[in-house]
Amino acid sequence: MRNRIHSFGLPVAGLMVALAGCDLSVSNPGPVQDEFLNDPGAHPAVVAGVRLAFTEGLNMVSFFGAEAAKEYTQGGRIHPIKLPVKPGQLAFEDIPDAPWNNAHRARWVAEDAVRRLEESLGGDAAKSPLVAEALLYAGYANRLLGENMCEAVLEAGAPQKHTAHFTRAEEQFTRAMAVAAAAGKPDLATAAQAGRASVRLHLGKNAEAAADAAAIPLGFRFQHRFGTSSTNHYNWIWYISSNTPYRAHSVVGTFFEQYFVETGDPRTPWKSDPAVPNAEFAWVKWLPQTKYADRTAPVTLSSGREMVLIRAEAVLRQGDWRAALELVNSLRAGLKNVRTGEPLPLWTASSEAEAWTALKRERGIELWLEARRLGDLRRWVEAKTPGEMEDVSDRIRLCIPIANRERQTNPNVGLDHADPINPLFRGS
Amino acid sequence: MDPWLRNAHGQRHNLSLTGGIDRLRYFVSGSLDDRDGVLVDDEEDRRSLRTNLSFQATETVSFELNSAFTNHEFAATPNGNALASILFNVYRAPNNFMGSGEEEDINRLRERTLDQTNERVILGLTGNWNPREELSSRVTVGYDRAAMDQYVVEPFGYVVTPEGRIQSVEWRSETLTLDAVSSLQLGFGPSFRTTLSAGGQLVRSEESLIEAEGRGLPGPGLHTLSSTAQRFVEEEGERVNTGGFFVQSLFNFLDRYFLTAGLRVDGNSAFGEDFGLQPYPKLSASYVVSDEPFWPDAFGQMKLRAAYGFAGRAPGAFDAVRTWGANSFAGQTAFLPQNLGNPDLGPERTGELEVGFDGSFLNDRLTADFTYYHQKTSDALFNVARSPTLGFTRSQLENVGELTNQGIELALNLGVVRGRAVTWDVGGTLSTNRSEITDMGGIVNYTLVEGQPAGVLRGAKVTNPNAFEDPEYEIDAFFGPSTPTRTIGVNTSLQLPRGLILSARGEYQGGHYVTDFSSRLIAQRGPIGAVGCDHVYEVIPWSEYKGPGDTHPKLDQVRAQDRALCYRRARSDAWTTPADFFKLREITAQLPSPVNIPGTGSTFVTASVRNIWRWTNSDFYSFDPEVIGSRTQISSLSSSATDQIPPPASVTLSVRVTF
């Protein structure tokens, strides 16, 4: 019996020895564990991640927002926006989740980077150029969300008014100014102040916005740069408008189609190609934008020229429409028709309403295809400002609604949550 | 699709040898397979070699060496839901990538080439030691290596990527296993025996993936990745070791009553710190009731059985860890959130009750096997989507709650005719399956909902489908499960004089739903609308119907369901339809050769046709309901018809000669 038991146990015992001596650990080279990012050597890559996340957020929001704001017309198959046919059907819109998801990731990544770097660097964070840049991008990500999303949802919380993002951005831009100045990065500090001016305008802090704007040199420009490692890193306004692969957008039927024909304004160029007359949808004439000439063409996030328009809007809100018109026209004075070389015609106005029209047109031209227009339209509609702009009465919303995934995963939102409706909406 | 679909031909050759010398036995088998696909540029070659050697070293020690080698090479036509896909561009023409449906333009897509080689080597060495009649031990070392190499070339000037593009993918997987098991039989008198078994297993698996892509070829001609202007490389790798052991005892009383009790313990470092080794007990019993004295012989044979046991499923090795992905962005490394991680993640645990019987009646002319099963899974592993505002856009594997799964499996076979010259068998199978999520642990998820099947399809359901009015929607409604809830198989075999055998096999699957992306996209983008909407377009041309609210004078002839789907701006989430189908899978005729070939033992000729007839639910609008997205795990159930070519009808003629 003993021999039998020995014989029985021998192979199993051998296996147990092997089991005990075997390394049961796992390895997975590739993904980086979270704690590794706390190492100062990894911080530049953390902040590069902030820029990359912002790239993907800006890309998605800019091309959806541009279509919703009538900066161009849908002409192709990629992520077509379909507005609800019946006004009662508000719970679901066929807008992909990507703009919401990517823009929120951009915000979270930037804010997490600030938290991580501050914890890792301690007192040195207050003069770190990396912290300054992360704060700056946190501000821009919040501005992107505030200008384009219908409502603000933070950390899976309950929906708030979209202006919550502007409040957050104002604080982040303010901190970025201080850290950038201490770090010896004046360009970042100037960009932060310009960013702060733009969100203060949305918050109705006109005097503060104008004061910030006045501090920015006219020639200043802070631009976001793109990459080439993946199509997701391209400038998507260029990518989806171009002949390969999508031809998904065209300026046909927009204000900019006729405006460029009439003025040759160098800020709103587009082209036609007799060899490729139609967009991917054969019923859409293909007139692609050429503001962005290649896949890495940068997008301006803040500029001295935008600051002039902020100052103009601030004084216009105070009723001084002549001063506002003068500021608006100051931007046109130095520009020439790209075809004729003639100076651009100046806007004329004989009333406050006409001055508003000039301002609204000029902001649309100056900030064309920079993911800014939807926020402008909503601000002016909500404030019931006078003057003319694009007819948006067929847009059920002047913003991107809360994504389906947010509704499906966040009990503080829920499937039945109704997004705010464009007060001018009169049916599609 | 005619210019790009064809009647494809193929041939397959098999040769096998078996024999032995003294204490050595061998079996060698090889096959060559060469066939074209139904898409114009599809072709494949497959070669395989299998050997089994057994060697009786001594009276108590023997060895077995098994090996298998497979080489599979194929070239594929651009296909699927991709810019370069022939099917994709044909169905959307002229609103496609080229803006044309002309054969010459579509053919430009064929300049893209995809060549792939798959290789697999399996080796197994088993040592048996049986020192006594009642004692046996076995140790097996196994090695499994799979490799895939794929090379895609889009030449300079290619219509989709004019600058040209080359992609190379290398995937490798290696698994090394060590198994050991010993069994000891003990007798206690003439009526009672027990078999005690114990053993264990070690598994080491490694997987690696290298993907290289180059864009921007210098010009026409043949090039390599080194010639491209921009080059990108991705690499992933993973190595996991796991181990487990078991003990089991089988009690046998009178060869009529059987009881098995066992315990398996698995260890996996992926389980997380709080889990370690996981025990999975099981208990089963069977009873040959027909051996009882009271059982009349006329009732045939009957065995009753029941079992209850536990099994587990481990999360992935790195699901518990928060990770970031390193990306190349503008010349720098850039981190983006990848896996949210959950350090408390553990295995899910499923308890299963099984009862049933195996019976043989009417002198074995009727056989019946029946099983009822009920599974209850706790700490069920689901991929749970999180709010995007938390930064991580990927779903995270979580132990979220509880689900049940129950059903029956029935197999019947009846020998209708059992003559000397003619026999006729008819058989059938029925299986049902009903899953229900009973607890989500407070987690909110769109397709995993308490009281619903796992992976339920949801969307805008038309509540008045057959009314001749505009559709009314129930938003976020539950359509039903994405996997079949009932499967019925039927088969028959008729053996006629002269050795002629005719057989047929068919299958019905139903109770499930599929999201029909193909039809939806064609309805939205194609020039002619979805195929399944043709009956609508006969009344109102596709280009004229603008959707609900339209006042077309003939609209009163169109059902609400059709009005909801058959227009360009149809809601995507309304394109979910029942997916019931029946397929005649195969009809086969086998005939011995009428001519006796000298030097041969026997010769059979077999002719088979497959996939020649199909019935689908009338509300299924387009492709084959079996052409669906991947269903890799219960937590990521998807069920969507895609732009793929359905399994083609095929005719096979084979000759088998035995020497």
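This section describes the overall make-up of chain A, the disulfides of the structure and the surroundings of one arginine. The model is predicted.

Chain A comprises 428 residues, of which 61% are buried. Its secondary structure consists of 14 helices and seven strands. When contacts in chain A between residues at least 6 apart in sequence are considered, 73% of them join residues at least 24 apart. The exposed area of chain A amounts to about 15600 Å², and carbon and sulfur atoms account for 54% of that area.

Two disulfides were found in a search of the whole structure, over all chains. In chain A, Cys150(A) is joined to Cys399(A), with an S to S distance of 2.0 Å. This disulfide links distant parts of the chain, the two cysteines being 249 residues apart. Cys150(A) is located in the loop between α4 (129-148) and β3 (151-152) of chain A, while Cys399(A) is located in the loop between α13 (373-382) and α14 (404-409) of chain A. The link of Cys150(A) and Cys399(A) is right-handed, with 90 degrees about the S-S bond. Cys150(A) and Cys399(A) are both buried.

In chain B, a disulfide is formed by Cys533(B) and Cys566(B), with an S to S distance of 2.0 Å. Cys533(B) occupies the loop between α3 (517-525) and α4 (534-537) of chain B, and Cys566(B) the loop between α5 (560-565) and β25 (576-578) of chain B, so the pair ties together parts that are 33 residues apart in sequence. The disulfide of Cys533(B) and Cys566(B) is left-handed, because the torsion about its S-S bond is about -80 degrees. Cys533(B) is buried, as is Cys566(B).

Arg200(A) was examined individually. This residue belongs to helix α6 of chain A, which spans residues 186-202. Its relative accessible area is 13%; because buried residues are those under 20% relative accessible area, Arg200(A) is classed as buried. The side chain of Arg200(A) makes a polar contact of 2.9 Å with the side chain of Asp212(A). Asp212(A) also appears among the residues in contact with Arg200(A) once neighbours within four places in sequence are left aside. The other residues in that set are Glu170(A), Lys205(A), Glu208(A) and Ala209(A).

Definitions and conventions
Residues are numbered from 1 along each chain as its sequence is written. Chains are lettered from A and ligands numbered from 1 in the order in which they are written. This is a predicted model: local features need pLDDT of at least 70, side-chain atom pairs count only at pLDDT 80 or more; totals for chains, interfaces and linings use all residues. Side-chain values use heavy atoms; hydrogens and water are left out. Helices (H or I, at least four residues) and strands (E, at least two) are DSSP runs, numbered from the N terminus. Buried means under 20% relative accessible area, exposed over 50%, partly exposed in between (1.4 Å probe, protein chains only). A polar contact is a pair of N or O atoms within 3.5 Å; within protein, one must be able to donate a hydrogen and the other to accept it, and residues adjacent in sequence count only if both atoms are side-chain atoms. Contact means heavy atoms within 4.5 Å. A disulfide is a pair of cysteine sulfur atoms within 2.5 Å. Accessible areas come from the Shrake-Rupley method with a 1.4 Å probe; for residues, only the protein chains shown count as cover.
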